[in-house]
Amino acid sequence: MDWINDQIIRLAQSSLPPGAELVMMEDPPNEYAIYPQDLSGDGIPELTVVYRLDNELYVHILQYRHIGWMIAAAAKGEGYGVMELTAAPVTTRMVNNLIIKWRTGEELSRRAVYEWSTIGFRNIVPDDEELETRAISLYPGAEKMIGGTKYGYINGIGTMVIPPRYDYAQDFQTNGLAIVSNGDGNGLINTMGNYFVRPIYNFISPFSEGRAVVIDEKGKYRLMNDSGDLVTSKGYSYMADILDGRAMVNNQQADGKTVYGYIDRSGKEVIPLRYEDASDFANRHATVKIKDNEFALIRHDGSKEAEYHFPFVGVLGDGLLPFQQDAGGKYGYINEKGTVKIEPKYSTAFPFQNGRAIVNNAADFGSEYGLIDTKGNVVIQTIYNDLMDIGQQRYAVGKAIKPDEPYLGSLYAIFDSDGKRLTDFIYTDVQHFRKGLASVSDGKKTFFINTNGQPAPGYPQFEGSGTLKLEDDLIQVNIDQRIKYASRSGRIVWEPNTVIPLRLPYFVREHKYKPNKDYVVYYPAVEGLSNPAAQERLNETLKVMSQVKPIPGDEQLGYTYSGDFDVTFFHKNLLEIEMTGYNYPAGAAHGMPTQVYAHINVTSGDMFTLKDLFKANSNYVKVLSDIIGEQIKTDPQYDYVFPDTYKGIKPDQPFFMTQDALHLYFEPYEIAPYAAGFPTFTIPFSEIMSIIDERGDFWRSFHP
């Protein structure tokens, strides 16, 4: 095949999953099974690649899009070799089909004719057993390793095809791009794992109408197209997603006043920033606040459809808008002309959707939710602790687990849009319908329900509380803060590792402790120590540090707690494990995070403290305190520290290590606002070598 040059071979090789190799053809011999041909009918050749992985054959199609080469379709092959690879218009005269003759035995072969369509990539040869095929799909998965938890992507058969190298990874979107985080930034990758947009942004939203909102290094909101280019000429204080061809934006002026307006998909300000508040566009209309007691319904071009003189007017839905007739008063609904259609009598009123609106009748921020129709008739009584529109004209209606403590949560039943209750109040969690199914949990199992509210036949159930998401090939199972993937039959095809290899014979094993549905901890155990008693003592200490403690099993806790760990550093004999937790009291504005580190000598099982790093009588507390005090005074990144709160460090100040520096940190609220997290100060070892005990066990555990 003279047209298979080195560049095409390199492209094919770069698309292979780790450990895979290109397959050689039988005819012509000594040629790779690579075939450029137009298979989509767009006049641009795709590249067919056949490869071997774990003694199995696979074929995938590389397609060039404006964002680069991507894997667009894939299938599992047969046999052990490729006798013939070509293309011809078999099923239609307009588009080529891929034809592969697979070697299945010494004198046996099977010819497959592949049709590539919207339903996938499949063998359509009559009388032959159909190959296992799939449309290309990649799914994020996390693995623990030295240096922390990293994310990569598996394919539809559970093979990690994009290695775990990202700090966080989101689903691939329909444009073939996925948002990933690395270091301090967010970027976009294509289906081959290559950066399409480098991780330089503080935030990237999922694409909406071909555009994504990003936050740049200055904290400004910008609009990006799906070529990775910024289309806005300037940044904004805030930007919502593009909806209905418009994105709501705002800027804070010098006088502190915030003004709102709209941009289009090209980034042009099509409606000037002149409003005091604004909603997203829907059906080419949006509600804006002009000034106190003056709202307007505007069209796509910014012209007024109507004007309203009320203290509040909400979002248009089904021809009605929520409103307040008096400041601080009850809510009702007006029509587009401003005529009152449902008298104000609710403490909260949400926009109408599909002829129904959720309202609340309770006073003082209580919960008495119900459902009404466009005439104000009660469809579901306003007596419930919670009520959610979950799609498919279905509602999840919640009764308080403890009526005298409603903030502890709800048990849900499924109702239809006519107010008929379809199930008992048995679900602890209900998600929105997607593809006709909704994920639910009853506290013991997690499964799909159909629109009748009943377990969906033909789909598996999983032990534990969490959520399920039906993907193209697989079911994403997110239970107890771990994501794994299962086939439609319930067979687990991929799950995260529970063993982190260090250096023979040492490794860290993950254990799970879940005594109560609201309390789950993943804690570490170090194994491979030569002294079993020292290993047992060490692991008991790690359990205590991880908050593994007696918790009542059947009681409703007044909080939720989750704990996890990472191996953040391992060099020579020093193992550093970070243990994190999050305690969220029911009804609180936010929870309280915790963070502790264990610094372990794996040869002895001993655990080091901060003072072990320094010479005796070195006065390390004052030296380190002075360095941090100077950083607070001179480094602008620490402007958030509360004035006059820093008084120095403690002898047992929390810390962690990297190869070249000591890092000291403070608890939330200790010297800075909650939003600052754990204020951390980095001190290179080169600055404090005069007080480090270079002959001490701590220093020598990770230095020659």
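Trainee: In which strand is I71 found?

Mentor: This is a predicted model, in which local features need pLDDT of at least 70, side-chain atom pairs count only at pLDDT 80 or more, and totals for chains, interfaces and linings use all residues. Residues are numbered from 1 along each chain as its sequence is written, and side-chain values use heavy atoms, leaving out hydrogens and water. Helices (H or I, at least four residues) and strands (E, at least two) are DSSP runs, numbered from the N terminus. Residues 68-76 form the strand that holds I71, and that strand is β5.

Trainee: Is I71 buried or exposed?

Mentor: Buried means under 20% relative accessible area, exposed over 50%, and partly exposed in between (1.4 Å probe, protein chains only). The relative accessible area of I71 is 12%, so I71 is buried.

Trainee: What distance separates the C-alpha atoms of I71 and T48?

Mentor: Along the chain, I71 and T48 are 23 residues apart. In space, their C-alpha atoms are separated by 9.8 Å.

Trainee: How many strands are there in the protein?

Mentor: Take the box first: the C-alpha atoms fill roughly 85 × 80 × 55 Å along the principal axes. Of the 704 residues, 49% are buried. There are 4 helices, and the strands number 56.

Trainee: What is the average pLDDT of the protein?

Mentor: pLDDT is the predictor's confidence in each residue, from 0 to 100. In this model, 96% of the residues score at least 70. The average is 91.

Trainee: Where does pLDDT stay under 50?

Mentor: A contact means heavy atoms within 4.5 Å. The stretch in question has 31 contacts beyond four places in sequence in the model. It is residues 127-136.

Trainee: Which residues line the largest cavity?

Mentor: Rolling a probe the size of a water molecule over the atoms shows where empty space is left. On a 1 Å grid over the protein atoms alone, a cavity is a set of points where a 1.4 Å probe fits but cannot get out; lining residues have an atom within 4 Å of a point. The structure holds 1 cavity of 30 Å³ or more. The lining of the largest cavity is L39, N96, N97, L98, Y114, E115, W116 and F121.

Trainee: What volume does the largest cavity have?

Mentor: Grid points are joined across faces, edges and corners, and a volume is the space filled by probe spheres set on the points. For the largest cavity, that is about 40 Å³.

Trainee: Which strand gives the most to the lining of the largest cavity?

Mentor: β7 (97-103) and β8 (109-117) each supply at least two residues. With 3 residues, the strand that gives the most is β8.

Trainee: Which residue joins L504 through a cis peptide bond?

Mentor: Omega is about 10 degrees for this cis bond. The partner lies in the loop between β48 (499-503) and β49 (506-516). It is P505.

Trainee: Is N283 buried or exposed?

Mentor: N283 lies in the loop between β25 (277-278) and β26 (285-291). Its phi is positive, about 55 degrees, although N283 is not a glycine. The relative accessible area of N283 is 71%, so N283 is exposed.

Trainee: What is the relative accessible area of R284?

Mentor: R284 also lies in the loop between β25 and β26. R284 has a positive phi of about 65 degrees and is not a glycine. R284 is partly exposed, because its relative accessible area is 48%.

Note on methods:
1 Å grid on protein atoms, 1.4 Å probe; cavity = no way out; pocket = protein on both sides within 12 Å on 5 of 7 lines; lining within 4 Å.
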